[in-house]
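Biologist: Hi! Could you walk me through this structure before I head back to the bench?

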Amino acid sequence: MYAYLLHPRTKGFAEATCTLKNNIKSVIDITVGYPENIPEDLISLFAGNYPREVHFDVKCHPIDSLPRDSEGLQDWCKDLWAEKEIKLREFYRNGKFDGDVLVGGEGKMKRDMIACVVFWTLLIIDSFIAFAISSWFRWYLLLGGVIYRIISTWGVGEIIIAAYYRLYQ
């Protein structure tokens with residue numbers, strides 16, 4: 001049915017929208033287009049085969065303009081996906097969305113990517129050096145690991161309740 005999109009999760013969208021309707025003001029619709037080098041997986045991205053350009057088409061739909069019931073929201077979502085399919089077909093034919101504005105450029109993207117790689121590399125190297133020469137850092141990591149294990153096993157709520165009963169009972 002779709003050549004450029006995955007089928008929408010209309011039931012989940014409708015349920016979430018009905019549940020959150022009183023807490024949100026709008027639904028943001030973002031369509032992403034890659035004129036070349038469509039990212040297929042992480043390996044191709046790490047190999048440097050990342051998109052040279054990424055185009056976004058952003059629309060804001062006020063919550064009051066959406067249907068009120070679940071079935072209406074599902075139909076609205078399906079209609080939106082049909083529009084997105086047409087929009088992406090035109091994008092891949094023309095290389096741009098209607099009203100496209102170029103922000104940044106290839107040089108900025110490369111510079112930002114290099115800065116990220118340098119930052120994370122230095123952070124990892126510094127962490128290994130700190131682990132090797134600092135007993136305080138080793139204790140910090142050990143304590144952090146123990147706390148993480150306790151929280152992931154018992155959960156935060158149970159720990160707080162147990163601490164409350166221990167202090168006040």
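Modeller: Happy to. One term up front: a residue is called buried under 20% relative accessible area, exposed over 50%, and partly exposed in between. Also keep in mind that this is a predicted model.

Biologist: Okay, let me try that out. Is Glu90 buried, exposed or partly exposed?

Modeller: Glu90 counts as partly exposed, because its relative accessibility is 34%.

Biologist: And what does the side chain of Glu90 meet in a salt bridge?

Modeller: Glu90 pairs with Arg93, with 2.5 Å from N to O. The two are 3 residues apart in helix H3, so about one helical turn separates them. Arg93 is exposed, since its relative accessible area is 55%.

Biologist: How many salt bridges does the structure hold?

Modeller: There are 4. Among them is a bridge between Lys59 and Asp57, where the closest N and O atoms are 3.3 Å apart. Another joins Asp57 to Lys87, at 2.7 Å from N to O. That pair links distant parts of the chain: Asp57 sits in strand E2 (residues 55-62) and Lys87 in helix H3, 30 residues apart.

Biologist: Which residues are linked in a network of salt bridges, then?

Modeller: Asp57, Lys59 and Lys87 are linked that way. Asp57 is buried, because its relative accessible area is 11%. Lys59 has 38%, so Lys59 is partly exposed.

Biologist: Back to helix H3. Where is Glu85?

Modeller: Glu85 is in helix H3 too. Glu85 is buried, yet has no salt bridge. The nearest side chain of opposite charge is that of Arg89, 4.3 Å away.

Biologist: Why does Arg89 at 4.3 Å not give a salt bridge?

Modeller: A salt bridge needs a side-chain nitrogen of Lys or Arg within 4 Å of a carboxyl oxygen of Asp or Glu. Arg89 is 4.3 Å away, and Glu85 therefore has no salt bridge under that cut-off.

Biologist: What does Glu85 touch, if we skip residues up to four places away in sequence?

Modeller: Glu85 touches Tyr2, Ala3, Tyr4 and Leu5.

Biologist: New topic: cores. How many residues are in the largest nonpolar core?

Modeller: It has 7: Ala14, Val27, Ile63, Leu66, Leu73, Trp76 and Leu80. Helix H3 (residues 70-94) supplies the largest share of this core, with 3 residues. As background, nonpolar side chains tend to be buried together in soluble globular proteins.

Biologist: What else does Leu80 touch, again without residues up to four places away?

Modeller: Asp29 and His61 are both touched by Leu80. There is also a second, separate core of 5 residues, including Leu5, Leu88, Phe91 and Phe97.

Biologist: How about pockets? What volume does the second largest pocket have?

Modeller: About 230 Å³.

Biologist: And which residues line that second largest pocket?

Modeller: The lining is made of Ala3, Tyr4, Leu5, Ile30, Thr31, Val32, Tyr34, Ile38, Trp81, Lys84, Leu88 and Tyr92. Strand E1 (26-33) and H3 are the elements that give two or more residues to this lining. H3 gives the most, with 4 residues. Leu5 and Leu88 turn up in the lining, and both are in the second core as well. Ala3, Tyr4 and Leu5 from the lining are also among the residues that Glu85 touches.

Biologist: Tyr92 is in that list. How many Å apart in space are Gln169 and Tyr92, C-alpha to C-alpha?

Modeller: They are 67 Å apart in space and 77 residues apart in sequence. Gln169 lies in the segment after helix H6 (156-168). With 68% relative accessibility, Gln169 counts as exposed.

Biologist: One more region: where is Leu45 found?

Modeller: Leu45 is in helix H2 (residues 42-46). Leu45 counts as partly exposed, because its relative accessibility is 29%. Setting aside neighbours within four places in sequence, Leu45 is in contact with Pro39, Tyr50 and Pro51. The C-alpha atoms of Leu45 and Ser26 are separated by 33 Å, with their positions 19 residues apart along the chain.

Biologist: Last one. Is Lys11 buried or exposed?

Modeller: Lys11 is exposed, since its relative accessible area is 66%. Lys11 belongs to helix H1 (residues 10-20). From Lys11 to Ile147 the C-alpha distance is 38 Å, and the two are 136 residues apart in sequence.

Biologist: Great, thanks for the tour!

Definitions and conventions
Residues are numbered from 1 along each chain as its sequence is written. This is a predicted model: local features need pLDDT of at least 70, side-chain atom pairs count only at pLDDT 80 or more; totals for chains, interfaces and linings use all residues. Side-chain values use heavy atoms; hydrogens and water are left out. A nonpolar core is a set of buried Ala, Val, Leu, Ile, Met, Phe, Trp, Tyr and Cys residues joined through side-chain atoms within 4.5 Å. Buried means under 20% relative accessible area, exposed over 50%, partly exposed in between (1.4 Å probe, protein chains only). Contact means heavy atoms within 4.5 Å. Lys and Arg count as positive and Asp and Glu as negative; His and the chain ends are not counted. On a 1 Å grid over the protein atoms alone, a cavity is a set of points where a 1.4 Å probe fits but cannot get out, and a pocket is an open set with protein on both sides within 12 Å along at least five of seven lines; lining residues have an atom within 4 Å of a point. Grid points are joined across faces, edges and corners, and a volume is the space filled by probe spheres set on the points.
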